[in-house]
Each structure stands twice: as C-alpha cells, then as structure tokens.
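Please open the model in your viewer, with the sequence panel beside it, and keep a selection tool at hand. The tour below moves from one selection to the next and says what is there at each stop.

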Amino acid sequence: MDRIDEKVHTADLLDIYMQLLTVRQQDILQSYFGEDLSLAEIAEQKGISRQAVLDSIKRGKNILEDAEKKLLLLEKSRKSEAVLENVFEKLKRIKPDPESMADYESLLSDISILIEASEEKYGF
C-alpha cells in the first residue's frame, strides 16, 4: 500500500472507529489524516513536540487497526458496497417488460440510494 492509499485507509478507519480514541488522539489524527496537516503544523497548533504528535498518531493508528482486525467493519462495508454496485450494474442491463418498468425503476432508485448512503457514511 503506498503512502496515499495508507492515509486514505487510515482516514476511513478513523471515520468508523474514532470514538475508540481519546479526544486528543481524535483531534491529532483528524488534523493529520482529515485535514492533511504536517507533523510540524499540528505540533505548533497544539503546543507540543513533533515527536509527541508522531507518537499520538502511531498509538491512534494501532488502536484503529486493532479494532478493524477484530470487527472488520470497514472490510464488510466495502464488500457490501461492491455487491450493491455489482447488482446495480446488472440490473441496468436488464430490459423489463412495460408492466414491470415502474418496479424496475424503483428498484434501481433504491439501490442507488443505498450506494450513496454508504459513500456518505464512510466517504468511499
């Protein structure tokens, strides 16, 4: 996983498991992963050393990764979204008869809403 993918992955974990962190860890990780601030910028804002920021980020990331290993919420969410998108694409290729068109369009709309909700909830 490259640096950008790792930051996105950690930001996604942060969205799901943020409440497991201390308020200070939440703030620092949100600044680093969500706002893309540097260690120096965060240290200056918080009045702490760069090393303290780095230590907080490492501890916070470990908590997030441990939670994901145990609960797999991010993995399950991504799989569910992929399945929904696959079903949506398959349904779009079906040509229903005129009598079923209203149900067909309603189904496509419902699946589209589920996909959008998933993307909004976790930012995927």
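Is arginine 78 buried, partly exposed or exposed, and what is its relative accessible area? Select the residue and display its surface: arginine 78 is partly exposed, with a relative accessible area of 34%. Bear in mind throughout that this is a predicted model.

**First stop: arginine 78 and its partner**

Keep arginine 78 selected and add aspartate 12, whose side chain meets that of arginine 78 in a salt bridge with an N to O distance of 2.5 Å. The pair links distant parts of the chain, since arginine 78 belongs to helix H5 and aspartate 12 to helix H1, 66 residues apart. The surroundings of the two partners can be set side by side: aspartate 12, at 6% relative accessibility, counts as buried, whereas arginine 78 is partly exposed at 34%. This salt bridge belongs to a structure that holds six of them, and two others come up later in the tour.

**Second stop: helix H5 from end to end**

Now select residues 73-93, which make up helix H5. At 1.5 Å a residue, its 21 residues should span 30 Å, and the end C-alpha atoms are 31 Å apart, which agrees. Colour Leu74, Ser77, Glu81, Phe88 and Leu91, which are the buried residues of H5. If you then turn the view to look down the axis of H5, these buried residues fall within an arc of 120°, so they line one face of the helix. On the other side of H5, pick out Lys79, Val83 and Arg93, which are exposed.

Staying on H5, select glutamate 89 and lysine 92, which form a salt bridge whose closest N and O atoms are 3.2 Å apart. Both residues lie in H5, three residues apart, about one turn of the helix. Glutamate 89 is partly exposed at a relative accessible area of 38%, and lysine 92 also counts as partly exposed, at 39%. Lysine 90 is another residue of H5, and at 45% relative accessibility it counts as partly exposed. For a sense of scale, draw a distance from the C-alpha atom of lysine 90 to that of leucine 29: the two residues are 61 apart in sequence and 39 Å apart in space.

**Third stop: glutamate 68**

Next, select glutamate 68, which lies in helix H4. What is the nearest side chain of opposite charge to glutamate 68, and how far away is it? It is that of arginine 78, 7.1 Å away, and glutamate 68, although buried, has no salt bridge. Show the backbone nitrogens as well, and two distances to polar atoms of the glutamate 68 side chain can be drawn: 3.2 Å from the backbone nitrogen of leucine 73, and 2.9 Å from that of glutamate 75. Leaving out residues up to four places away in sequence, glutamate 68 touches Leu13, Tyr17, Leu73, Leu74 and Glu75.

**Fourth stop: helix H2 and its neighbours**

Move to residues 23-34, helix H2, and highlight its buried residues, which are Gln25, Gln26, Ile28, Leu29, Ser31, Tyr32 and Phe33. Adding helix H1 (3-17), helix H3 (39-46) and helix H4 (50-71) to the view shows what the buried residues of H2 pack against. Following the chain onward from H2 brings you to aspartate 36, whose phi is positive, near 60°.

**Last stop: lysine 7 and aspartate 36**

Leave aspartate 36 selected and add lysine 7: the two form a salt bridge, with the closest N and O atoms 2.8 Å apart. Lysine 7 lies in helix H1 and aspartate 36 in the loop between H2 and H3, so the pair ties together parts that are 29 residues apart in sequence. Here too the surface display is worth consulting: lysine 7 is buried, with a relative accessible area of 16%, whereas aspartate 36 counts as exposed at 54%. To finish, select what is in contact with lysine 7, leaving aside its neighbours within four places in sequence, and the result is Tyr32, Phe33 and Asp36. Tyr32 and Phe33 are among the buried residues of H2, which brings the tour back to the previous stop.

Conventions:
Residues are numbered from 1 along each chain as its sequence is written. This is a predicted model: local features need pLDDT of at least 70, side-chain atom pairs count only at pLDDT 80 or more; totals for chains, interfaces and linings use all residues. Side-chain values use heavy atoms; hydrogens and water are left out. Helices (H or I, at least four residues) and strands (E, at least two) are DSSP runs, numbered from the N terminus. The expected span of a helix is 1.5 Å times one less than its number of residues. Buried means under 20% relative accessible area, exposed over 50%, partly exposed in between (1.4 Å probe, protein chains only). The arc is that of the directions from the helix axis to the C-beta atoms. Contact means heavy atoms within 4.5 Å. A salt bridge is a side-chain nitrogen of Lys or Arg within 4 Å of a carboxyl oxygen of Asp or Glu. Lys and Arg count as positive and Asp and Glu as negative; His and the chain ends are not counted. A polar contact is a pair of N or O atoms within 3.5 Å; within protein, one must be able to donate a hydrogen and the other to accept it, and residues adjacent in sequence count only if both atoms are side-chain atoms.
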